[in-house]
Amino acid sequence: MTDEQMQYPVGQFKSPVSYTTEDIRKWTATIRELPGKLRYAIITLNEKQLDTPYRTGGWTLRQVVHHVADSHMNCITRFKLALTEENPTIKPYEEADWALLLDYRLPVEPSLKMLEGIHLRWVALLEGLTEEQWNRTFVHPASGETMQLKKALALYAWHSKHHLAHVTEAVKKF
């Protein structure tokens with residue numbers, strides 16, 4: 001893949017036109033499977049490989065792993081806020097700035113463990129939602145969008161595949 005293709009290796013996110021029970025099941029399965037797939041993708045990498053950008057100007061594979069943990073930690077919080085408050089405004093964060101913080105230099109194991117725990121809890125939450133709960137919303141202040149939880153699930157299933165592909169495609173070059 002070229003650097004340009006590597007920016008969006010699975011394509012850009014497209015909002016679904018509809019949300020079927022089967023779609024929700026597939027997206028939930030993607031969330032369930034990500035921690036194991038990500039661990040498998042990086043398990044044999046050495047420190048130098050982890051510190052290699054997945055594309056020119058992109059994050060290192062280490063930063064990608066830490067980012068996914070941080071991003072999904074924020075997402076489960078957004079789900080819980082939407083389930084317990086009426087259309088809450090969520091707190092965005094500067095992901096590019098977070099990727100420059102010192103904890104992004106740590107080994108990836110703490111973030112892999114975070115993902116395993118977060119995803120175990122997140123899937124338990126997702127599998128118990130009612131249709132009414134899937135329609136609950138939160139507001140993202142940066143875009144002003146009011147997002148239903150079922151759209152957020154679709155987005156984070158895409159996000160999972162997007163960053164997993166960054167890693168798996170980069171590993172093919174080693």
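These legends describe close-up views of a predicted model.

**Figure 1. Overall fold of the protein, with eight helices and two strands.** The order along the sequence is α-α-α-α-α-α-α-β-β-α. Seven helices thus precede the strand pair in this pattern, and a helix follows it. The C-alpha trace spans about 45 × 30 × 30 Å along its principal axes. A compact globule of 174 residues would have a radius of gyration near 16 Å, and the protein agrees, because its own value is 16 Å.

**Figure 2. Burial, contacts and surface of the protein.** Of the 174 residues, 47% count as buried. Contacts at a sequence separation of 6 or more are dominated by distant pairs: 77% of them join residues 24 or more positions apart. The exposed area is about 9,500 Å². Carbon and sulfur atoms supply 55% of that area. Charged side chains number 21 positive and 21 negative. The centres of these two sets lie 3 Å apart.

**Figure 3. Helix α4, residues 61-84.** This helix has 24 residues. From first C-alpha to last, α4 reaches 35 Å. The expected span is 34 Å at 1.5 Å a residue, so the two values are close. Of its 24 residues, 19 are buried, so α4 is largely enclosed by the rest of the structure.

**Figure 4. The loop residue N87.** N87 sits in the loop between α4 and α5 (95-98). Its phi is near 45°. That is a positive value in a residue other than glycine. Most residues other than glycine have a negative phi. Is N87 buried, partly exposed or exposed? Its relative accessibility is 31%, so N87 counts as partly exposed. The limits for that class are 20% and 50%.

**Figure 5. Helix α8, residues 149-171.** This helix has 23 residues. It reaches 33 Å from its first C-alpha to its last, close to the 33 Å expected at 1.5 Å a residue. α8 is mostly covered, with 19 of its 23 residues buried.

**Figure 6. H162 and its contacts.** H162 belongs to helix α8. Its relative accessibility is 6%, so H162 counts as buried. Which residues does H162 touch, leaving aside those up to four places away in sequence? They are Q7, Y8, P9 and V10. Q12 gives a further distance for this view: its C-alpha atom is 8.5 Å from that of H162. Along the chain, H162 and Q12 are 150 residues apart.

**Figure 7. A29 in helix α2, residues 21-42.** A29 has 12% relative accessibility. The cut-off for burial is 20%, and A29 therefore counts as buried. How far apart are the C-alpha atoms of A29 and T137? They are separated by 22 Å. Along the chain, A29 and T137 are 108 residues apart.

Methods. Residues numbered from 1 in each chain as written. Predicted model: local features only at pLDDT ≥ 70, side-chain atom pairs only at ≥ 80, totals over all residues. Heavy atoms only, no water. Helix = DSSP H or I, 4+ residues; strand = E, 2+ residues; numbered from the N terminus. Rg over C-alpha atoms; globule rule 2.2 N^0.38 Å. Buried < 20%, exposed > 50% of the residue type's maximum accessible area, 1.4 Å probe, protein only. Contact = heavy atoms within 4.5 Å. Areas by Shrake-Rupley, 256 points an atom, 1.4 Å probe, with all protein chains shown as cover. Lys, Arg positive; Asp, Glu negative; His and termini not counted. Charge placed at Lys NZ, Arg CZ, Asp CG, Glu CD.
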